[in-house]
Amino acid sequence: QLQLVESGGGLVQSGGSLRLSCAVSGRTFTGYTMGWFRQTPGKEREFVSAVNVNWSGASTYYADSVKGRFTISRDTDIDRGYLQMNSLQPEDTGIYYCAADPPPYGDVTLAESYDYWGQGTQVTVSS
């Protein structure tokens, strides 16, 4: 069973930065899409970013709301993903989850495409 554990969340002032990490263990397949989603209590999960690495190269995806501010990356040697978040705003507040989608790949922007999820890490941005 694939397991994912997020870390790096916290409280930051508007305009500040945080780097989230996603540690992956128990992987038995060679490739997968790693996605990041965020959720405010009582609301549906919102797509933030995703990355997929295959034989032909890497593909990254960003929600319009974070494009230019967030950067997704992966260290494939240790199976760890990162989400660098800059210029944070109060609307970025939420619980951030990393998730994995093995092949066959689904739409990276849809939470239902992902089979494995971490427990989440809280990000709070104050005004």
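**View 1. Ring pairs join Phe37, Phe47, Tyr97, Tyr114 and Trp117 into one cluster.** The model is predicted. Searching the whole structure gives five aromatic pairs. Two of them, both involving Trp117, are shown in the next views.

**View 2. Phe37 and Trp117 make a tilted aromatic pair.** Their ring centres are 5.2 Å apart. The planes meet at 55 degrees. That angle is neither under 30 degrees nor over 60, so the pair counts as tilted. Phe37 belongs to strand 4, residues 33-39. Trp117 belongs to strand 10, residues 116-117. The two parts are 80 residues apart in sequence, so this pair ties them together. How exposed is each partner of the pair? Phe37 has 1% relative accessibility and therefore counts as buried. Trp117 has a relative accessible area of 26%, so this residue is partly exposed.

**View 3. Tyr97 and Trp117 make an edge-to-face pair.** The ring centres lie 6.4 Å apart. The planes stand at 80 degrees, so the pair is edge-to-face. This pair, too, links distant parts of the chain. Tyr97 sits in strand 9, residues 94-101, and Trp117 in strand 10. They are 20 residues apart. Tyr97 is buried, because its relative accessible area of 11% is under the 20% limit.

**View 4. The strands around the cluster belong to a chain with 11 strands and zero helices.** From the N terminus on, every element in the order is β: β-β-β-β-β-β-β-β-β-β-β. Strands 4 and 10 carry Phe37 and Trp117. Strand 9 carries Tyr97. Which share of the contacts with a separation of 6 or more comes from residues 24 or more positions apart? That share is 57%.

**View 5. The whole chain agrees with the radius of gyration of a compact globule.** For 127 residues, such a globule would have a radius near 14 Å, and the chain has 14 Å. The C-alpha trace spans about 40 × 30 × 25 Å along its principal axes. Buried residues make up 42% of the 127. Phe37 and Tyr97 are among them.

**View 6. The accessible surface of the chain comes to about 6,700 Å².** Carbon and sulfur atoms account for 46% of this area. The chain carries 9 positive and 13 negative charges. The mean positions of the two sets are 5 Å apart.

Technical notes: Residues numbered from 1 in each chain as written. Predicted model: local features only at pLDDT ≥ 70, side-chain atom pairs only at ≥ 80, totals over all residues. Heavy atoms only, no water. Helix = DSSP H or I, 4+ residues; strand = E, 2+ residues; numbered from the N terminus. Rg over C-alpha atoms; globule rule 2.2 N^0.38 Å. Buried < 20%, exposed > 50% of the residue type's maximum accessible area, 1.4 Å probe, protein only. Contact = heavy atoms within 4.5 Å. Areas by Shrake-Rupley, 256 points an atom, 1.4 Å probe, with all protein chains shown as cover. Lys, Arg positive; Asp, Glu negative; His and termini not counted. Charge placed at Lys NZ, Arg CZ, Asp CG, Glu CD. Phe/Tyr/Trp six-rings, centres within 6.5 Å; stacked < 30°, edge-to-face > 60°.
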